[in-house]
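Q: I should like a close look at a single part of the structure shown below. Please explain it step by step, in a way that a first-year student can follow.

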Amino acid sequence: MSKPLIGLILGAVLGVIDGLTAWFTPDARSELGSIVVGSTIKGIIAGIAIGFFAKKFHSLPIGILFGVAIGAVLAYLTALMVGKYYFQIILPGTLVGLIVGFATQKYGNTPAAANS
Amino acid sequence: MKWLSDDKLNYLRTVVANPDFSSTKYTFIKELGRGGMGTVYLAQDRELNRLVAIKVLNTPEITEDLRNRMVREAQIIARLEHPGIVPVHDAGTLPDGRVFYAMKYVRGSRLDEYAAENDSIRDRLRKFQAVCDAVAFAHAHGVIHRDLKPQNIMIGSFGEVLVLDWGVAKLTGKPYTDFTNESVQSVDGFNTNAGTVIGTRDYMSPEQARGEIDQLDERADVYSLGAVLHFLLKDQPKLSKAAQAICLKARADEKENRYSTASELSADIGRLLDAEPVSAYRESAIEKASRWVSKNRFLVLLVLAYVLMRVFLVFTSQP
């Protein structure tokens with residue numbers, strides 16, 4: 001399995017879980033569907049970006065840092081759109097980036113080096 | 001008449017007992033070890049200025065058969081060009097007619113000594129896998145070792161693994177064998193008679209112990225490798241079922257139940273090291289899950305941290 005695909009799958013799964021937890025916030029329960037869709041799209045975008053980064057750069061610490069940064073930035077943008085729940089959105093989004101960053105560095109096929 | 005001192009007498013005794021390398025490019029240094037057929041000496045190669053190990057026939061009464069055995073042994077090892085098999089540099093005859101061959105002098109420790117100093121099961125398994133690969137290479141070239149044991153395996157100073165003492169090796173005449181100028185008429189390269197027991201009791205396969213020379217094939221070495229693996233693992237307190245199963249399969253009494261090649265055994269050791277399922281053991285769903293968790297410990301911890309954080313946020317966000 002390629003690294004971008006791992007990033008996509010993991011980002012999507014964690015994005016769905018992330019969105020579903022909005023059910024525990026009574027104010028947000030009525031918009032659960034759109035939250036889940038938005039959260040999943042956010043996870044997929046982050047996962048693909050982190051996956052492609054892992055394909056180019058093979059370094060666990062840098063991969064994790066990139067994942068954290070992408071996760072935090074996307075979560076911040078989401079929080080800006082929502083206009084509230086900054087902490088509740090940014091913290092999980094950052095952690096999702098960290099997990100995807102780690103997983104894409106650790107797993108997935110590394111393309112063979114081409115002969116020069 | 002002057003009497004010789006004890007020291008001088010002892011020196012003369014040593015000189016007489018040791019082989020005469022005067023007609024060769026080697027200078028005798030000391031004896032390294034004595035086996036059934038030959039003795040290995042440490043010597044200095046004066047031309048290339050390096051240390052070598054030289055194996056010389058023990059007996060001064062040289063028969064044609066013994067001479068052929070030594071020459072054959074040197075030829076077998078020389079053909080097996082592999083990082084895990086000690087290379088032969090030179091061969092020749094001493095002034096007294098004894099055949100010798102010079103090989104790389106391996107600095108390091110024997111596998112049994114290495115195991116006594118290294119507790120790490122992973123390190124031991126990696127070394128063992130390298131032994132399997134060297135033996136598999138020999139098998140692919142039509143050679144069965146027949147005396148694999150920890151004492152015949154050296155771990156070099158840089159961790160390299162070398163299989164030694166091919167003195168009782170057997171030729172199988174496989175297609176890969178590159179013996180262009182000789183016909184392997186006998187199944188046994190050294191014409192060992194049926195009923196002759198060759199090898200070391202604790203490490204030899206049942207068919208080898210029964211002296212069934214004609215029945216011996218690669219699986220006899222697989223059994224010996226299993227015995228070496230057992231030796232390496234027997235002091236480990238927590239041994240996985242997969243490791244035990246590999247050991248049992250390699251040492252099965254019936255050769256049909258063993259790994260059919262040393263490569264298969266090596267592959268299973270590789271899977272064991274990578275925490276993947278091994279062919280020798282069918283694991284339950286719980287064992288599968290437990291192995292996966294153990295292999296992906298950090299990822300599992302991260303996901304757990306994520307879930308805990310989620311639970312924390314849910315409870316702290318409640319009005």
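A: In this predicted model, B:Cys247 has a relative accessible area of 8% and is therefore buried. The cut-off behind that word is a relative accessible area under 20%. B:Cys132, at 0% relative accessibility, counts as buried too. One may ask why the sulfur of B:Cys247 does not form a bond with the closest cysteine sulfur. That closest sulfur belongs to B:Cys132 and lies 11 Å away, which is too far for a bond. Seen from the other end, the cysteine sulfur closest to that of B:Cys132 is the one in B:Cys247, and the distance of 11 Å again rules a bond out. For a disulfide, the two sulfur atoms would have to be within 2.5 Å. Over all chains, the structure holds 0 disulfides.

These two cysteines belong to chain B, and the chain as a whole gives the setting. Chain B has 319 residues, of which 43% count as buried. Its secondary structure consists of 10 helices and 10 strands. If one takes the contacts in chain B with a separation of 6 or more, 58% of them are between residues 24 or more positions apart. The accessible surface of the chain comes to about 16900 Å², and carbon and sulfur atoms hold 53% of that area.

The part of chain B that deserves the closest look is a sheet. Strands of a sheet pair through backbone hydrogen bonds, and the pairing may be parallel or antiparallel. Here, 5 strands of chain B form an open sheet with antiparallel pairing, in the order 1-2-3-5-4. Strand 1 (26-34) and strand 4 (88-93) are the edge strands, each pairing on one side only. On average, and with direction ignored, neighbouring strands of this sheet are turned by 25 degrees against each other.

At one edge, strand 4 of chain B pairs with strand 5 (residues 99-104) in the antiparallel sense, over 5 bridges. Within this pairing, B:Val88 has B:Met103 of strand 5 as its bridge partner. A helix also packs on the sheet: helix 2 (residues 64-79) of chain B touches strand 3 (50-57), strand 4 and strand 5. The direction of helix 2 makes about 20 degrees with that of strand 5.

Aromatic rings add a further level of detail. A pair of such rings is described by the distance of the centres and the angle of the planes. Over all chains, the search finds 8 aromatic pairs. One of them lies in chain A, where the ring centres of A:Tyr76 and A:Tyr86 are 6.5 Å apart and the planes stand at 50 degrees, so this pair is tilted. A:Tyr76 is in helix 3 (residues 60-82) and A:Tyr86 in helix 4 (residues 86-106) of chain A, 10 residues apart. A:Tyr76, with a relative accessible area of 42%, is partly exposed, and A:Tyr86 is partly exposed at 34%.

Back in the sheet of chain B, B:Tyr26 and B:Phe100 form an edge-to-face pair, with 6.1 Å from centre to centre and 80 degrees between the planes. This pair links distant parts of the chain, since B:Tyr26 is in strand 1 and B:Phe100 in strand 5, 74 residues apart. Both B:Tyr26 and B:Phe100 are buried. Together with B:Phe21, B:Phe28 and B:Tyr41, these two residues form one aromatic cluster.

Definitions and conventions: Residues are numbered from 1 along each chain as its sequence is written. Chains are lettered from A and ligands numbered from 1 in the order in which they are written. This is a predicted model: local features need pLDDT of at least 70, side-chain atom pairs count only at pLDDT 80 or more; totals for chains, interfaces and linings use all residues. Side-chain values use heavy atoms; hydrogens and water are left out. Buried means under 20% relative accessible area, exposed over 50%, partly exposed in between (1.4 Å probe, protein chains only). Helices (H or I, at least four residues) and strands (E, at least two) are DSSP runs, numbered from the N terminus. Contact means heavy atoms within 4.5 Å. Accessible areas come from the Shrake-Rupley method with a 1.4 Å probe; for residues, only the protein chains shown count as cover. Two strands pair if DSSP finds at least two bridges between them. Axes are lines fitted to C-alpha atoms, for helices over the stretch in contact, and angles run from 0 to 180 degrees between N-to-C directions. Rings of Phe, Tyr and Trp (its six-membered ring) pair if their centres lie within 6.5 Å; planes under 30 degrees apart count as stacked, over 60 as edge-to-face and the rest as tilted.
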